[in-house]
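Me: I am new to this one. Take me through the labels, and tell me what each rests on.

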Amino acid sequence: MITGIIKNKIDKIWTDIWAGGITNPLTVIEQLTYLMFIRSLDEKELETEEFENMTGEKMAKIFPQSAAGQSMRWSKFKNNDPRQIYDVISQRVFPAIKNLKYGRLPDFTEQGELLEIEDEPNNAGSSNTAFARYMSDAMFLIPTPQVLQKIITGLDDLYERDIADLDMQGDLYEYMLGKLATAGQNGQFRTPKHIRDMMVELVQPTPDDLICDPACGTAGFLVSAAEYIRKNYEDTMTPEQWEHFSGELFTGYDIDRTMLRISAMNLMLHSISNPDVDYKDSVSKQNQISDKFTVCLANPPFKGTIDAESINDNLKAVTNTKKTELLFLALFLRIMKKGGRCACIVPDGVLFGSSTAHKAIRKELIENHQLRAVISMPSGVFKPYAGVSTAVLVFTKTGAGGTDQVWFYDMKADGFSLDDKRSEIADNDIPDIIQRFHHLESEKDRERTEQSFFVPKQEIVDNGYDLSINKYKKTEYVPVKYPPTSEILDRLDELEKEIAKGLKELREML
């Protein structure tokens, strides 16, 4: 999470950019992300060089070994004169990253002309990566050398002093998004990393899966899934699995080209060089994908409706609505293969909404597929940007039912305070959720008064497919014993005498 000190430093960088004439918040975010990406490329190169020195093994390099190529590295130009920094970034680094190919930056001629990177053997046509597609229309808009130097100095201070080990790209975007006037209207709220990681742990992706987030934003879920796979399978993955990992294992869609650029950069920095990140309105007729993916992870938009004419007909057949949170649930079921697992975040209204569309999607999940878990989260999870109450649904696409009982968990703490500060605290239910979910056989005898319990399918059906935990949770009322009335009155008499005595002493002092 971003602390107050970090917020102040980001605000200072933001103010410097605004003072330079860039007033569109999304443009500010985009320009900052380019510079963060440029710095991160140099960090990756330094790690490669360190590995080479330790092992003696030659590794592929990002930057050309020429003088011009090495001058593009953040560590080489950051302390230069502001005018030199500006020239290097605007005339070399930025054109080079727009032409990044096979994880390598192109070189320059002595006259400053960009050299084409030749296609690698067996890779013909594969250079048109998601990164290349969405960087093609990117523009470097920092107005002056002085503004650029302030940003570089500020980012360097942030990385080296405060946030070197954090999910910086996503955390920065999360904080910046709070400054956007449109954020609440569009329902764009980045999912905190610890919640993403929990959801990934629940579905346990493997190197052979096909993972999709059809509302990917900054690709946070895909990055968390990649980290999980590397952590659990890195030592056993085959060359074919590594090739799958760097490309088609990860798919993301969004309707914002800025988000697609950010997500492509984010994934590339996590060794996913050619993901299927594409511009697509996932719930529209434009998206005809079905029965393709084995894992879905998402936090789709909660707010707003879309044009009824553009909604894909097979989604309306499941839940006839214009509400995006319901349409996305129908979409997950359509785009997954049988046996596919999904963990997604929904607003509480999806769990108990009484409209025909709300009931229809809940009935579809319970009757025709296997709804495994409903994890109710506290309303402070998305603070300070939103106070909406949410839940995580975990289900498996079967097409033939399979829901005998549903596991409910009442999450009360996620490791952070539930106020706007979101300070780290000791209370954290997430490890307990993960452990219990993967050992559900031991949950069968839990009482409804406890934090987690099972509810039979028939009971849910009898309650109109209501999935609100409060519908089934029982509260234990402990009777409070009060002293007799006469004893209370005697105590009041004593207190009155003490007050009178105190007032008398006060008057004597006057």
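Me: How many disulfides are there in this model?
Reply: The model is predicted. The count comes to zero disulfides. The cut-off is a pair of cysteine sulfur atoms within 2.5 Å.

Me: Why is Cys-216 not in a bond with the closest cysteine sulfur?
Reply: That sulfur belongs to Cys-212 and lies 8.5 Å from the sulfur of Cys-216. A disulfide needs 2.5 Å or less, so the distance is too far for a bond.

Me: What about Cys-344, which is in no disulfide?
Reply: Its nearest cysteine sulfur is that of Cys-342, 4.2 Å away. The limit is 2.5 Å, so the pair does not count as a disulfide.

Me: Why are Cys-216 and Cys-344 called buried?
Reply: Buried means under 20% relative accessible area. Cys-216 has 5% relative accessibility, so it counts as buried. Cys-344 has 0%, so it counts as buried too.

Me: What makes Glu-30 and Arg-261 a salt bridge?
Reply: Their closest N and O atoms are 2.4 Å apart. The rule asks for a side-chain nitrogen of Lys or Arg within 4 Å of a carboxyl oxygen of Asp or Glu, so the pair qualifies.

Me: Where in the chain do these two residues sit?
Reply: Glu-30 is in helix H2 (residues 25-55), and Arg-261 is in helix H13 (residues 257-268). They are 231 residues apart, so the pair links distant parts of the chain. Both Glu-30 and Arg-261 are buried.

Me: How do you know that Lys-61 and Glu-52 form a salt bridge?
Reply: The closest N and O atoms are 3.3 Å apart. That is within 4 Å, so the label holds. Glu-52 has 11% relative accessibility, so it counts as buried.

Me: What about Arg-436 and Glu-443?
Reply: Their side chains meet in a salt bridge, at 2.6 Å from N to O. Arg-436 has a relative accessible area of 18%, under the 20% limit, so it is buried. Glu-443 has 1%, so it is buried as well.

Me: Which residues are linked in a network with Arg-436 and Glu-443?
Reply: Asp-432, Arg-446 and Glu-450 are linked with them by salt bridges. The structure holds 24 salt bridges.

Me: Why is Trp-74 called buried?
Reply: Its relative accessible area is 2%. Buried means under 20%, so Trp-74 fits. Trp-74 is in helix H4 (residues 74-77).

Me: What does Trp-74 touch beyond residues up to four places away in sequence?
Reply: Trp-74 touches Leu-35, Ile-38, Arg-39, Asp-42, Ile-152, Leu-155 and Asp-156. Arg-39 is 35 residues from Trp-74 in sequence, yet their C-alpha atoms are 5.4 Å apart.

Me: Which residues form a nonpolar patch on the surface?
Reply: Ile-499, Leu-503, Leu-506, Met-509 and Leu-510 do. Together they have about 610 Å² of accessible area.

Me: Is Leu-503, in helix H20 (residues 485-509), buried or partly exposed?
Reply: Leu-503 has 43% relative accessibility. Partly exposed lies between 20% and 50%, so Leu-503 counts as partly exposed.

Me: What is the mean pLDDT of the protein?
Reply: The mean is 87, and 90% of the residues reach 70 or more. Over residues 123-127 the pLDDT is below 50, and this stretch has nine contacts beyond near neighbours in sequence. Over residues 181-187 the pLDDT is also below 50, with 10 such contacts. Where pLDDT is low, the predicted coordinates should not be read in detail.

Terms used
Residues are numbered from 1 along each chain as its sequence is written. This is a predicted model: local features need pLDDT of at least 70, side-chain atom pairs count only at pLDDT 80 or more; totals for chains, interfaces and linings use all residues. Side-chain values use heavy atoms; hydrogens and water are left out. Buried means under 20% relative accessible area, exposed over 50%, partly exposed in between (1.4 Å probe, protein chains only). Patches are made of residues with over 30% relative accessible area and no salt bridge: like charges are joined within 9 Å, nonpolar side chains (Val, Leu, Ile, Met, Phe, Trp, Tyr) within 5 Å. Accessible areas come from the Shrake-Rupley method with a 1.4 Å probe; for residues, only the protein chains shown count as cover. pLDDT is the predictor's confidence in each residue, from 0 to 100. Contact means heavy atoms within 4.5 Å. Helices (H or I, at least four residues) and strands (E, at least two) are DSSP runs, numbered from the N terminus.
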